[in-house]
Every structure is written in C-alpha cells, then in structure tokens.
Amino acid sequence: MTFAVQRAGERATFDHGWLLTSHSFSFAEYHDPSNVNWGALRVFNDDRVTGGAGFPLHAHRDMEIVTYVLSGELEHRDSIGNHGVVGPGGVQYMSAGNGVRHSEYNGSPNEGLHFLQMWVLPGRLGGPPSYGQVAFDVAQRLNKWLLIASGNDRGAPVSLTQDATLLVARLDDAQLAHRFVAQRLGFLFVAEGAVSVSAVGDDGLSHSAELRAGDGVRLGGISQITLQGTGEAVLWDVPP
C-alpha cells in the first residue's frame, strides 16, 4: 500500500517573474530520477502567469496534455490552426501525436492566470495531433465528482488514448468517496481550500492526512479514498 503525501512546499518551485510554477514530478530544469512519474501520469504542474505573459510557440509530440483552469483566462494557439480561450473551471486538451507547436498565454493584460497542466503518457504513439476545449460550471462538480477525461469511459467530455481518468470536485463542507479497482494508482491534489483524506488499502489498513492547497498524495494498493472538507480536489486514476 502506498499513501505518500507531498506537501506544497516540497514541490520543485521556480519563480521566473512572469511565471510561478511548482512541479509535482520531474519537469524542465527539475530532474529527480526517483520522481519522474506516477504510473501513466508524467507531469503535474501548478502554474501562475502574470497578465499578458505566457509560453511562446514550442513543440510537443507523443503526449496527452490536459490543462485545468482555476482562475483567469488561458489563450491557446497552435500550428494546426486552433485558437481558443479557456476560463475558470474549463479544460483544454491537446494530443500532441506525431508533433504540434503551440503557445499558451494569459488572455488578460491585467488579471492573473492560475491553472494545472497535466501530461499523461499516450496509449499509442504517432497519429495526427488534435485539440479541444470544454467549459464547465461549478454546479457540475459541486460536492460530486465531475468526469473530465478518460480512456475507458465513452461518456467523458475528453477522450484519452491512455487508460487513465481525470476527475475534479468542488467540496463545500461535504464528503465524497472514490473507489479504485485492483492494480490501479491514484494521484490526489488539492488545488484550493482544506480537505482531509482517508484511504483504505487492499490489505485492510488505513491512512489519513489533512491536505491544503498545493498538497498531493500518491496512492497505490488502495481500494477507496474518502474526502471531507471545503476546497477544490483533482484526482487521477491511472494504470501503473
């Protein structure tokens, strides 16, 4: 059983002036051979971008990228002709496939932008790149799990090639549970607020922790987790 808490301050954090970024896993200038990924989840970045700033045109390939906007507006342009702006609670998805170049900017000249960018190892390599975005409102995730992306649930707004599932929830002094099937891994992240989590392992043992914004938990050999509190929770259910 794995129940490993990573506190917000334990993440690799870099302040570039226009960008304040925290990496839960190895990324860019931060490399730790013992912390490269958690199953199929390869990148989990917590990014804050100042008004009018952003990432200029850059390339990706063979990666599935899901970006969840917490506040502000994220503007996207890419080399296959897509352009879009995603607001709070919205999701941007890009399958890099055999190669794509894109830029990401704060769509407001004055207001800050806060988002989570998550990369999942693809279920298949190559193929044409694709892009999409979906808007959600708070009611869709209030005190319940909102299915965002999945490779095994055809009802998911975002379809992945990988057998991974992304869920988000906004808790308002409420309790919420999630069950894992055998041999699955989980990564729980608290984006805002304060949430307690308890977990029951396949071996019958239990663990618990109090989590605040920026804290995450790696989960393995877990049959169920239960959340309690007020805040924004993000959960990946992935293969090992």
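Biologist: How many bridges join β13 to β15, and in which sense do they run?
Modeller: Strand β13 (residues 146–150) and strand β15 (residues 165–179) run antiparallel and are joined by four bridges, where strands are DSSP runs of E with at least two residues, numbered from the N terminus, and two strands pair if DSSP finds at least two bridges between them. This is a predicted model, in which local features need pLDDT of at least 70, side-chain atom pairs count only at pLDDT 80 or more, and totals for chains, interfaces and linings use all residues. Residues are numbered from 1 along each chain as its sequence is written, and side-chain values use heavy atoms, with hydrogens and water left out.

Biologist: Which residue in β15 is the bridge partner of S150?
Modeller: That partner is T165; β15 also pairs with strand β19 (residues 222–238), antiparallel over 13 bridges, and there L166 stands opposite W236.

Biologist: What does M118 touch?
Modeller: Leaving out residues up to four places away in sequence, M118 touches V43, F44, E64, I65, V66, Y68, L166, V234 and W236, contact being heavy atoms within 4.5 Å.

Biologist: Switching topic, where does N143 lie, and is it buried or exposed?
Modeller: N143 lies in the loop between β12 (130–134) and β13 and is partly exposed, at a relative accessible area of 29%, given that buried means under 20%, exposed over 50% and partly exposed in between (1.4 Å probe, protein chains only). Although N143 is not a glycine, its phi is positive, about 60°.

Biologist: And what about D173?
Modeller: D173, which is not a glycine either, has a positive phi of about 50°; D173 sits in strand β15 and is exposed, with a relative accessible area of 60%.
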